[in-house]
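Subject: Handing over the structure

Hello,

I am passing a structure on to you, and I hope you enjoy looking through it. Please open it alongside this message.

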Amino acid sequence: MKIPAKAESVTKRIPGVRLTKLRKNLLSWYTKHHRDLPWRRTRTPYRIWLSEVMLQQTQTATAIPYYERFLKRFPTVAVLARSPLSRVLKTWEGLGYYARARNLHRAARYIFHQLHGALPRTYDELITIPGIGPYTAAAVASIAFNKSHAVADGNVERVMSRLFHLTVSPKQKEGKKIVAELAQQLLPPRQARWWNQAVMELGALVCTPRRPRCGECPVARLCLAKKHLSDPSILPVRLPRRSHPHYDIVIGLIWKDGRVLIDQRKMDGLLGGLWEFPGGKIKRGENRAAALRRELREELDIEAEVGDFFMSVDHSYSHFSVTLHAYHCRFLSGTIRPLACQAWRWARPKDLRRYAFPAANRKMIRSLLSEGVPA
Ligand code: SF4
């Protein structure tokens with residue numbers, strides 16, 4: 001089997017002269033064919049850091065307008081550090097994986113207060129910053145400062161798996177370790193900035209998940225998947241898909257004097273810091289109205305009368321999906337206490353756009369504003 005189980009396997013598999021050729025071919029392909037992306041027109045570490053955070057779970061085309069808008073609002077680490085998290089989350093709204101925005105903000109505050117506003121240059125220093133993880137530290141150290149650290153995102157995992165015909169999944173611990181070792185060994189001396197981007201670009205443009213364009217690939221002659229498989233796209237090894245649970249959620253548009261009640265999710269959980277209409281999961285055997293009344297007691301310690309059905313919205317997250325069922329409600333009694341949230345507001349409908357909401361809530365807000373609020 002073609003699994004290089006040890007670090008020295010790279011040079012065993014691709015001896016000296018061919019390794020030099022591989023590096024040369026890929027770097028010159030990158031020089032000619034790389035996309036002109038906003039973060040490639042800068043060496044500013046903050047901008048590179050931001051792009052790497054955004055690109056971790058977002059397609060390039062989606063990330064570009066967010067990247068540009070984010071930099072207009074937060075042009076430097078200092079501005080980001082001094083801005084409230086609510087403004088950062090609002091700017092991030094729609095991009096998903098909000099822990100990225102919270103971590104970015106947390107790290108910016110640390111850099112501003114503890115490091116005089118300058119990102120450190122080495123992986124070892126970057127990794128000590130709260131909010132910066134191994135991938136981001138390696139990406140910033142290499143792309144911004146040209147330090148010899150390989151990165152291993154999904155594109156790199158795919159290219160390494162095919163180039164070396166790896167029969168272990170890069171999503172498993174063993175496979176991850178092998179990919180990291182191979183990627184590190186392949187780094188040409190003093191070229192980490194270009195090399196890391198070249199491997200990622202190859203994965204994005206040529207060695208794509210479904211239909212790799214091996215005929216146009218600058219490293220095809222050295223690729224073991226191309227040599228041994230009729231269809232290299234079967235790599236990387238994919239793990240069986242886990243079935244994703246689905247949850248039915250009931251939420252209330254609770255009205256009082258023309259305002260609607262919203263609350264803010266606790267910072268440490270999923271979608272932490274975002275605002276939403278109160279409600280929660282419907283338990284087995286519960287009807288929607290009973291579930292909503294229970295959730296309002298548990299979340300805010302209030303009583304409300306559940307009225308007309310408003311709408312249902314489906315939404316998928318990475319590990320589960322939900323259907324939100326929304327009902328208009330009338331506030332009855334209770335002194336609002338944030339028991340399962342961190343803050344609450346009575347908001348005028350026209351002001352809802354000022355708050356950062358998850359995608360499914362935003363769909364409801366759009367309908368609410370276009371259909372008009374109940375009398
Ligand atoms: Fe990917 Fe094909 Fe190039 Fe191999 S030859 S690295 S499978 S595009």
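Below are some notes on what turned up, going from a helix to aromatic rings and then to the empty spaces. Please keep in mind that this is a predicted model.

Let me start with helix 6, which spans residues 85-92. Which of its residues are buried? They are Leu85, Val88, Leu89, Thr91 and Trp92. These residues lie on the same side of helix 6, because the arc they cover around the axis is only 160°. Several other helices help to cover them: helix 3 (45-55), helix 4 (60-73), helix 5 (77-82) and helix 7 (99-114) are among the elements that do so. After helix 6 comes Gly94, and its phi is positive, near 100°.

Trp92 also leads us to the aromatic rings. Together with Phe70 and Phe74, Trp92 forms one aromatic cluster. Searching the whole structure gives ten aromatic pairs. One of them joins Phe309 and Tyr327 in an edge-to-face arrangement, with 5.3 Å from centre to centre and 70° between the planes. Phe309 belongs to strand 5 (residues 303-316) and Tyr327 to strand 6, so this pair ties together parts that are 18 residues apart in sequence. Are the two partners buried or exposed? Phe309 is partly exposed, as its relative accessible area is 43%. Tyr327, in contrast, is buried, with a value of 14%.

Next, the second largest pocket. Its volume is about 550 Å³. A total of 28 residues line this pocket, and those closest to its centre are Ile249, Arg265, Glu276, Gly279 and Gly280. Strand 6, which holds Tyr327, returns here as one of the elements that give two or more residues to the lining. The others are strand 1 (246-256), strand 2 (259-264), strand 4 (279-281), helix 14 (288-300) and helix 15 (359-371). Sorted by class, the lining has 15 nonpolar residues, eight charged and five polar.

Now for the enclosed spaces. How many cavities of 30 Å³ or more are there? The count comes to two.

The largest cavity holds about 110 Å³ of space. It is lined by 15 residues, and the closest to its centre are Arg162, Cys207, Cys214, Cys217 and Cys223. Helix 10 (residues 154-163) gives the largest share of this lining, three residues. What classes of residue line the largest cavity? Twelve are nonpolar and three are charged, with no polar residues.

The second largest cavity has a volume of about 30 Å³. Its lining consists of Ala150, Val151, Val156, Met160, Ala183, Trp195, Asn196 and Val199. Helix 10 appears again here, since both helix 10 and helix 12 (192-205) supply at least two residues. Helix 12 gives the most, with three residues. By class, seven of the lining residues are nonpolar and one is polar, while none is charged.

If you would like a place to begin, try Trp92, which is buried in helix 6 and shares an aromatic cluster with Phe70 and Phe74. From there you could move on to helix 10, which contributes to the linings of the largest cavity and the second largest cavity.

Happy exploring, and best wishes

Methods. Residues numbered from 1 in each chain as written. Predicted model: local features only at pLDDT ≥ 70, side-chain atom pairs only at ≥ 80, totals over all residues. Heavy atoms only, no water. Buried < 20%, exposed > 50% of the residue type's maximum accessible area, 1.4 Å probe, protein only. Helix = DSSP H or I, 4+ residues; strand = E, 2+ residues; numbered from the N terminus. Arc of directions from axis to C-beta. Contact = heavy atoms within 4.5 Å. 1 Å grid on protein atoms, 1.4 Å probe; cavity = no way out; pocket = protein on both sides within 12 Å on 5 of 7 lines; lining within 4 Å. Points joined across faces, edges and corners; volume = space filled by probe spheres on them. Nonpolar A, V, L, I, M, F, W, Y, C, P; charged D, E, K, R; others polar. Phe/Tyr/Trp six-rings, centres within 6.5 Å; stacked < 30°, edge-to-face > 60°.
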